[in-house]
Amino acid sequence: MSDLRVAFFDSKPYDMKSFDSENQSYGYAIKYFSEKLNPDTAPLAAGYDAVCAFVNDDLSAGTLEKLCASGVKLVALRCAGYNNIDLKVAFGKIHVARVPDYSPYAVAEHAVALMLSLNRKIHRAYYRVRDNNFSINGLLGFDMHGKTAGIIGTGKIGQVLIKILKGFGMNVVAYDLHPREDIAGEAGFSYTTMDKLYAESDIISLHCPLNTETYHLINNEAINKMKKGAMLINTGRGQLIDTAALVEGLKSGTIGFAGLDVYEEESEYFFEDKSDEIILDDILARLNTFNNVIVTSHQAFFTKEALGNISSTTMKNIAGFFKDGSIPNEICYRCGKTPCPRKDKTQSSCF
Ligand code: NAI
C-alpha cells in the first residue's frame, strides 16, 4: 500500500471496476465520490494529494482555488478534452494531466454508428419490428458510397474516421486549423475551406476541440451554408453547436439528420438516470421529439479498450508526478501542448 490519496469525482460503477483493477499495481488510497467536482464539492478533496476528474466536472477558478488551498497538487483528468478546466488559473499553482489518446477508434466508430443508424433509420426500424410492424415505408436510406463527408478537425479521431469513411467509398473533404497535407494525399482526402465544406458535404462530423474559437462553430450562419438535408454528427463537445440554431435547422429541413453524443447543457443530464423525472431542458426535450435525431449520452468513448487505457494512463500520470517527478501527459498552459515539448533535461516542464 502507498500513502498517496486520490479523490475520484463523478465516479460510476464502471470507473471503480476499471481503476480498482489498475490500482492493484499501485496500491493508492482512492476514495470514490459520486458527486461532480465543483466549487461546492471541492472541500471533499481536503487532505488528498490528487483529484481525478471527468468531462462534466467544473474546474473553473472557484474549484481550483479551493483545491489548491486544501493542498491538492495534481488534477488528473481521465479524459482527452480539457475545456472544463481554467488552465490560466491552474498555471503555477496546481499541475494538470489528461489522457490524450485512449482510443480514437472508440469515438470514430461511434460517429459511424450514428451515421448508419440515422441514414438507415435503425432506431425506428427496431421499435417497428418489436411491435410486429414489418412495414418499411418511411425507412428509405441512401448509399454512403459516392457521397461526400466533411470532417472538421483531422487529429487522431478525425483521421480514424476518414479511413473508415473512405472504406465506404465516400469522398472526404476536411478543414483543420493546422492542415496536415502530408497525411491527406495518402489517406485520400483534401483540405478545403469551411464554406466549401458546408456547401459540398452530405455528412458533416465535428472532431475539433472546444475553445473560444470553436464555441458555437455551428450556428445559424453555418447551417444556412449547408447542403439541404445534410447530416450533422457531433461526438466532439456540445458547445461546438448552437443547439437552438440546430433545432431551427431541423425544423426548416436544412439539417436532415443530427447525431449528437454531446450536448451543450449535458452536465445536468448525461451519465445519470433521470427516467423518473421531468426533463426541464426544453431544447433537449425538443431534440428528443425529432425522428431524424439520435442523442446518445456521451458514450462515444465507452469501450472496454478505452476504459482500460484511461485507467492505466491516469494511474501512470499520478505515479509519474508523485514518484518520478514528471507527468507523462501534463497539459502545459504556456504552450498548450501535451506533452510539453519544452520539457527537457534542463527544464522539468513549462510549469
Ligand atoms: P486531436 O487533438 O488529436 O485533434 C484535434 C484536431 O482539431 C487537431 O488536428 C487540431 O489542429 C484541430 N483544430 C483545432 N482547432 C480547430 C479549429 N478551430 N477548427 C478546425 N480544427 C481545429 O484530438 P482528438 O483526440 O482527435 O479529439 C478531438 C475532440 O474529440 C477532443 O477535443 C474532445 O473534445 C472530443 N472527444 C470526445 C469524446 C466522446 O466520448 N464523445 C472522447 C474523446 C474526445
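A residue counts as near the ligand here if one of its heavy atoms lies within 4 Å of it. With that in mind, let's walk through this predicted model, starting at the ligand. There are 23 residues around the ligand, and those that come nearest are Y102, K156, I157, D176 and T235. By residue class, the shell around the ligand divides into nine nonpolar, nine polar and five charged residues.

Now look at the polar contacts. K156, already named among the nearest residues, places a polar side-chain atom 2.9 Å from an oxygen atom of the ligand. The protein backbone takes part too: a polar backbone atom of F301 is 3.1 Å from a ligand oxygen, and for a polar backbone atom of G155 the distance to an oxygen atom of the ligand is 3.4 Å. As for cover, the ligand taken alone exposes 870 Å², and the protein buries 87% of that.

Next, turn to the second largest pocket, with a volume of about 270 Å³. Its lining includes the run Y269, F270, F271, E272, D273 and K274. Also in the lining are I279, L284 and N288, together with V295, T296 and S297. Sorted by class, these lining residues comprise six nonpolar, three polar and three charged.

Finally, how confident is the predictor in what you are viewing? The protein chain averages a pLDDT of 94, and 95% of the residues score at least 70. Over residues 344–348, however, the pLDDT is below 50, and this stretch has two contacts in the model beyond near neighbours in sequence.

Technical notes. Residues are numbered from 1 along each chain as its sequence is written. This is a predicted model: local features need pLDDT of at least 70, side-chain atom pairs count only at pLDDT 80 or more; totals for chains, interfaces and linings use all residues. Side-chain values use heavy atoms; hydrogens and water are left out. A polar contact is a pair of N or O atoms within 3.5 Å; within protein, one must be able to donate a hydrogen and the other to accept it, and residues adjacent in sequence count only if both atoms are side-chain atoms. Accessible areas come from the Shrake-Rupley method with a 1.4 Å probe; for residues, only the protein chains shown count as cover. Ala, Val, Leu, Ile, Met, Phe, Trp, Tyr, Cys and Pro count as nonpolar, Asp, Glu, Lys and Arg as charged, and the others, Gly among them, as polar. pLDDT is the predictor's confidence in each residue, from 0 to 100. Contact means heavy atoms within 4.5 Å. On a 1 Å grid over the protein atoms alone, a cavity is a set of points where a 1.4 Å probe fits but cannot get out, and a pocket is an open set with protein on both sides within 12 Å along at least five of seven lines; lining residues have an atom within 4 Å of a point. Grid points are joined across faces, edges and corners, and a volume is the space filled by probe spheres set on the points.
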